[in-house]
Amino acid sequence: AMPAFRLPAGACHALLMAAVYLLTARTFGRPKLALAAVALGLTIPAMTAPSVVMTIDGPLLAAWAWACVFAQQAVVGGKLRHWVLAGLVTAVGILAKYTMVLFPACVGLYLLADRDRRADLARPG
């Protein structure tokens, strides 16, 4: 019974750390910095505790991180498929915890606040 309880928690944590790595590497273009970000993330209790015990926070953190990855790709690359992926991951995150419903609002506020990105609000996605 314990592996069935802890395996999803570990999987969510691995997904979270993979997203942290990708987001950092793509944002700064430095793989060593991305590894440092993951190493730092492994020392933060709020990020490591959900890897041991399955709670609603593990899937929420993983979904939020992957939504960030896809939203960043959508904003930088402008491809509709990245917006769709961000939306799908957000929907999965909402199934884990309703707090995920704030993610689209955060992205919208970012696009409104950044003068260079306001035009993105008129594009598909």
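User: Why is Ala 39 called partly exposed?

Analyst: In this predicted model, Ala 39 has a relative accessible area of 42%. Partly exposed covers the range between 20% and 50%, so Ala 39 is partly exposed. The residue sits in helix α2, residues 31–41.

User: What makes the pair of Trp 64 and Phe 103 edge-to-face?

Analyst: The ring centres of Trp 64 and Phe 103 are 5.2 Å apart, and a pair needs centres within 6.5 Å. The planes stand at 85°, and over 60 degrees counts as edge-to-face. The pair is therefore edge-to-face.

User: Which helices hold Trp 64 and Phe 103?

Analyst: Trp 64 belongs to helix α4 (residues 57–77) and Phe 103 to helix α6 (residues 102–113). With these positions 39 residues apart, the pair links distant parts of the chain.

User: How do you know whether Phe 103 is buried or exposed?

Analyst: Phe 103 has 6% relative accessibility. Buried means under 20%, so Phe 103 is buried. Its partner Trp 64 has a relative accessible area of 26%, which lies between 20% and 50%, so Trp 64 is partly exposed.

User: Why is the pair of Trp 66 and Phe 70 called tilted, rather than stacked or edge-to-face?

Analyst: The angle between the planes of Trp 66 and Phe 70 is 40°. Stacked needs under 30 degrees and edge-to-face over 60, so the pair is tilted. The centres are 5.8 Å apart, within the 6.5 Å cut-off.

User: What separates Trp 66 and Phe 70 along helix α4?

Analyst: About one helical turn, because they are four residues apart in helix α4. Both Trp 66 and Phe 70 are buried.

Technical notes:
Residues numbered from 1 in each chain as written. Predicted model: local features only at pLDDT ≥ 70, side-chain atom pairs only at ≥ 80, totals over all residues. Heavy atoms only, no water. Phe/Tyr/Trp six-rings, centres within 6.5 Å; stacked < 30°, edge-to-face > 60°. Helix = DSSP H or I, 4+ residues; strand = E, 2+ residues; numbered from the N terminus. Buried < 20%, exposed > 50% of the residue type's maximum accessible area, 1.4 Å probe, protein only.
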